[in-house]
Every structure is written in structure tokens, then in C-alpha cells.
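Subject: Structure handover

Hello,

Here is the structure for you to look through. My notes on what was found follow below it.

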Amino acid sequence: WGTPAPGAVRDLRADLGLGPADPLVLFQGAANANRHCTQLVEAIARLPGVHLLFLGDVAPAFAAVLRDTAAAAGAADRVHLRPAVPIEVLLAHTRQADAGASLLTTEPVNHRLTMPNKVMEYIAAGLPVVATAGTAFGDLVERLGVGFTADSADPVQLAAAVAAALDARRDPALAARLADAGRTLNWGAARHRVVEVYERLAA
């Protein structure tokens, strides 16, 4: 990922008016209804003092839905939307959060089988992951012990998973598992296997 140029990385906590001890949950990438983003807002509303940042470009109509949901849940001051950042400096922004959420509906089937980039990015940044149970990426999170899963359609379950991730964010054992996963789940480690598959297909 290289070293970001001076001034290329925003201080997200200063931008949001947060102190170093204020818990910050990150949802990076496009937010939409298929990603249980309103349920995530409702979950955050159940966790006093916890802030949620949507870091990515959001369609104006859905941004209004998120803001309305936050206001109705009494969490308007704790749910924040900021535009996407260049990929070259993404991890430097990701690392400023305390946990990362990757959520999807479990239908259609491609939602269950997908492996979102944000899961790998959270792991690379050392963040505990909150993921949708019953998906391939949720199974990965559980198998590697790098976060927590929940029925992400249920704000109560989702709030419990977020709380667990925040409680565990300074657990040395979790940090070690995240570091181990980060050494494996990257292009440098996987490149030879991918190239080998394509070479077999080309033959």
C-alpha cells in the first residue's frame, strides 16, 4: 500500500469531533439497502457513546434514509457519512476505527458466497470484523477468530456483535489472529495460487 503522501490521510476522529477513547465503528464502501445499513444504524443507537462512520460514496436518496433512521433512533449525532477516499490511502483511514462491519442480506445466493473486499481490508488494518452469519465471509471470520457474526437483519443481534467486537479490540489474542490472517489473506501470499489456476485454464 506504500506510504501516503503528506496531507493525503484525514484525521477521521478530529473530523468527527471524537476523542481517542470514543468507540468508532466503520462501514467502508458503498452503503445500500442490501447491506443492512439501516439495521446497523439501529444497532449503533442501542450502544451509548458508540459512533458509526459510513466511509464511501452513498446515493443521495439512501444517505437521506440513513440520516432519517439515525434521527428516529436518537443517534443522529453518532452516525456520520463521509465520501470515499483513494484506494492508495484507504488502509490509513481504516486503521483509525475500532471495528469494521461487512453486512449483506443472505439472498440472493451470490450474497452468501461473496467475499467482500472490505473484510480483507479490515483484517489488513487489524480491525475486528462484524459480519453477516450464514455467509462465506461470515464463516471465514468465525473460522479465523477475527471477529463476530450476527443475523444482520436483526438490530438487537447486530448490536451484540458490535459490542463484542469493541470489547475485544484490545485483546492480544484477537490481535495475534488478525495479524496471522493478514499475513495469509493478501495478494503476495495468494498470487501464485491464482496464477496457477489461470495457467491451467489457459492450457
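In this predicted model, strand E5 (residues 129-132) and strand E6 (residues 147-150) run parallel and are joined by four bridges. One residue pair to look at is Ala131 with its bridge partner in E6, Thr149. The chain gets from E5 to E6 by way of helix H7 (residues 136-144), and the three together form a right-handed β-α-β unit.

On its other pairing, E5 is joined to strand E4 (residues 99-102) by three bridges, and these two strands also run parallel. Here Ala101 has Val130 of E5 as its bridge partner.

These strands belong to an open sheet of six, with parallel pairing and the order E3-E2-E1-E4-E5-E6. Strand E3 (79-82) and E6 are the edge strands; each has a single partner strand, so one side of each has no neighbour in the sheet. On average, neighbouring strands of the sheet are turned by 25 degrees against each other, direction ignored.

Helix H8 (residues 155-168) lies across four of the strands, namely strand E1 (24-28), E4, E5 and E6. Its angle to E6 is about 175 degrees.

Next, the pockets. The largest pocket has a volume of about 270 Å³. Its lining is made up of 18 residues, and those nearest the centre are Gln28, Gly29, Ala30, Arg35 and Lys118. Which helix gives the most to this lining? Helix H6 (residues 117-125) does, with three residues. Sorted by class, the lining of the largest pocket consists of nine nonpolar, six polar and three charged residues.

Two backbone details are worth a look on screen:

- The peptide bond between Glu107 and Pro108 is cis, with omega at about 5 degrees. Pro108 sits in the loop between E4 and helix H5 (109-113).
- His36 is not a glycine, yet its phi is positive, at about 50 degrees. The loop that holds His36 runs between E1 and helix H2 (37-45).

If you open the model with the sheet in view, I suggest going through the strands in the order E3-E2-E1-E4-E5-E6, then turning to H8, which lies across E1, E4, E5 and E6, and finishing at the largest pocket, with Arg35 and Lys118 among the residues nearest its centre.

Regards

Conventions:
Residues are numbered from 1 along each chain as its sequence is written. This is a predicted model: local features need pLDDT of at least 70, side-chain atom pairs count only at pLDDT 80 or more; totals for chains, interfaces and linings use all residues. Side-chain values use heavy atoms; hydrogens and water are left out. Two strands pair if DSSP finds at least two bridges between them. A crossover is right-handed if, with the strands pointing away from the viewer, the path from the first strand over the helix to the second runs clockwise. On a 1 Å grid over the protein atoms alone, a cavity is a set of points where a 1.4 Å probe fits but cannot get out, and a pocket is an open set with protein on both sides within 12 Å along at least five of seven lines; lining residues have an atom within 4 Å of a point. Grid points are joined across faces, edges and corners, and a volume is the space filled by probe spheres set on the points. Ala, Val, Leu, Ile, Met, Phe, Trp, Tyr, Cys and Pro count as nonpolar, Asp, Glu, Lys and Arg as charged, and the others, Gly among them, as polar. Axes are lines fitted to C-alpha atoms, for helices over the stretch in contact, and angles run from 0 to 180 degrees between N-to-C directions. Contact means heavy atoms within 4.5 Å.
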